[in-house]
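User: I would like to learn how to read sheets and helix packing in a model like this one. Can you walk me through it?

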Amino acid sequence: MSRSVLALDRLAALLLGLVLLVVGLAAAAWYPGWLARPWPGVPQRVRTGAAGDVLAAAWWPWAAGGAGVVLVLLALWWLLAHLPRRGVGALALPGSTRGARLLIEPDGAADTAAEVLARAPGVRSASARVLHERGRLVVALKATVEPDADLAEVVSAADAVTGDLAHVLGRADARARVRLEVARSARHRPRAR
Amino acid sequence: MSWSDDITTPTGASTGTSLSAVRPPMPPAAQATGSGRIGVVGPLLAVLLLALGLLLGREALVAAGALGGSAWLPAAAGGLDGLSAAWWLVPAGLAVALLGLWLVVSALRPRSRRTVPLAAGTGVFVHVRDLARLASGAAREVDGVLSASSSATRRAVTVTVHGTGDVREQVSAAVTGALAPLRTPPRVSVRVRTGDDDERNEP
């Protein structure tokens, strides 16, 4: 989910929240008569005659239909924008020219990095994704480690693997994030107490 | 393709063998943050907007005579017409206001940051929940510990162990050592329960 979609979520929640807060407090303050203090001309009854006139107007079906289509399209875009980001496509490598472009599928290299990381001591499994994040190329590795893993060893393996990956990708703008998840229970291994 | 294969890169260099640690690690990416409550509220609002759009579309089709049935919006407007202040508006209004307040708080709440960084050249992070699992794993390795459970925050880890004796120091040292690679190691506190305690707690 991008930052702009998150900002839209926040803005919509804030606006709807403020509207509900004001309407709810006004409704609660109406019966005890407290609403008359900030609003001396508060009506005794709700009048929806004007709304009825709008709903009966000849242009209403067209307006409602148009607004409905716009809202449905906007809502579908909004929903789809929440789907997880997809990976990036082929990347141009240093040395590419206009006539001969050297491309690399970063997912393959990242998958290989994950395989290597998975072979490090204490690491049970690993996976990788390559994303565009805030204008940067980000390799997101996820590794599941044993509960008794030596974190220092895992860290040095992660440093080495990402170093190799940076070399293979040949991209100075690439960044890495390795997320360690810890398995709930250790695999049974022969041990003596 | 294996990482340990001798791969020639576009720069002409060989990738060499795995885990050599000779090359500088890839610079770290920014720490991932969870979207928190707004991550659920946003899609929910999108669904509500979709429902509103479909409602307006239905009203348009009914008003144009393309769809059977009666229009809902005029009926709702008619139902509200003439409504006067009534006692039930107090709890209903307060409920609506509370929902609004919850939405405002959700909108303004900062993104959740539930991972902690490790001291690494690249960006290595572990979730706070996993700190507790690491602490329990380290505690279980200590001689005399029968079982261990832990809870963790970003700054502190509490380990509760069932042991055959006073293993507090050993468990504390083991857990502290296990979490030392964190950039800011958390405070470690240990609670030890022995068989004697369990017998004393039994009714």
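Analyst: Start with a sheet in chain B of this predicted model. Three strands form an open sheet in the order E3-E4-E5. The pairing is mixed.

User: Which strands are the edge strands of this sheet?

Analyst: Look for strands that pair on one side only. Here they are E3 (145–152) and E5 (187–194) of chain B.

User: And how far are neighbouring strands turned against each other?

Analyst: On average by 20°, with direction ignored.

User: In what sense do E3(B) and E4(B) pair, and over how many bridges?

Analyst: Strand E4 covers residues 156–163 of chain B. E3(B) pairs with E4(B) in the antiparallel sense, over seven bridges. To find one on screen, go to Val145(B): its bridge partner in E4(B) is Gly163(B).

User: What is the strand order in the five-stranded sheet?

Analyst: Read the chain letters as you go along: E3(A)-E4(A)-E5(A)-E2(B)-E1(B). Strands of chain A and chain B both take part. This sheet is open, with mixed pairing. Its edge strands are E3 (123–133) of chain A and E1 (115–117) of chain B, each pairing on one side only. From one strand to the next, the twist averages 25°.

User: How do E5(A) and E2(B) pair?

Analyst: In the parallel sense, over four bridges. E5 spans residues 174–182 of chain A, and E2 spans residues 123–127 of chain B. A place to look is Val178(A), which stands opposite Val124(B) in E2(B).

User: Now helices. What describes two packed helices?

Analyst: Two values do: the angle between the axes and the distance between them. Take H3 (residues 60–81) of chain A against H1 (residues 38–63) of chain B. Their angle is about 155°, and the axes lie 7 Å apart.

User: Why are H3(A) and H1(B) called roughly antiparallel?

Analyst: Angles over 145 degrees count as roughly antiparallel. The angle for this pair is about 155°, so H3(A) and H1(B) earn that label. The crossing of H3(A) past H1(B) is left-handed.

User: What kinds of residues make up the contact of H3(A) with H1(B)?

Analyst: Sort them by class: 22 are nonpolar, five are polar and none is charged.

User: Last, the rings. How many aromatic pairs does a search of the whole structure find?

Analyst: Zero, over all chains. A ring can still have a charge over it, so check Trp72(B). The charged end of Arg58(B) sits over the ring of Trp72(B), 3.7 Å from the ring's centre.

Methods
Residues are numbered from 1 along each chain as its sequence is written. Chains are lettered from A and ligands numbered from 1 in the order in which they are written. This is a predicted model: local features need pLDDT of at least 70, side-chain atom pairs count only at pLDDT 80 or more; totals for chains, interfaces and linings use all residues. Side-chain values use heavy atoms; hydrogens and water are left out. Axes are lines fitted to C-alpha atoms, for helices over the stretch in contact, and angles run from 0 to 180 degrees between N-to-C directions. Helices (H or I, at least four residues) and strands (E, at least two) are DSSP runs, numbered from the N terminus. Angles under 35 degrees count as roughly parallel, over 145 as roughly antiparallel, 65 to 115 as roughly perpendicular and the rest as oblique. A crossing is left-handed if the near helix is turned anticlockwise from the far one by less than a right angle, and right-handed if clockwise. Ala, Val, Leu, Ile, Met, Phe, Trp, Tyr, Cys and Pro count as nonpolar, Asp, Glu, Lys and Arg as charged, and the others, Gly among them, as polar. Rings of Phe, Tyr and Trp (its six-membered ring) pair if their centres lie within 6.5 Å; planes under 30 degrees apart count as stacked, over 60 as edge-to-face and the rest as tilted. A charge sits over a ring if NZ of Lys or CZ of Arg is within 6 Å of the ring centre and within 35 degrees of the ring normal. Two strands pair if DSSP finds at least two bridges between them.
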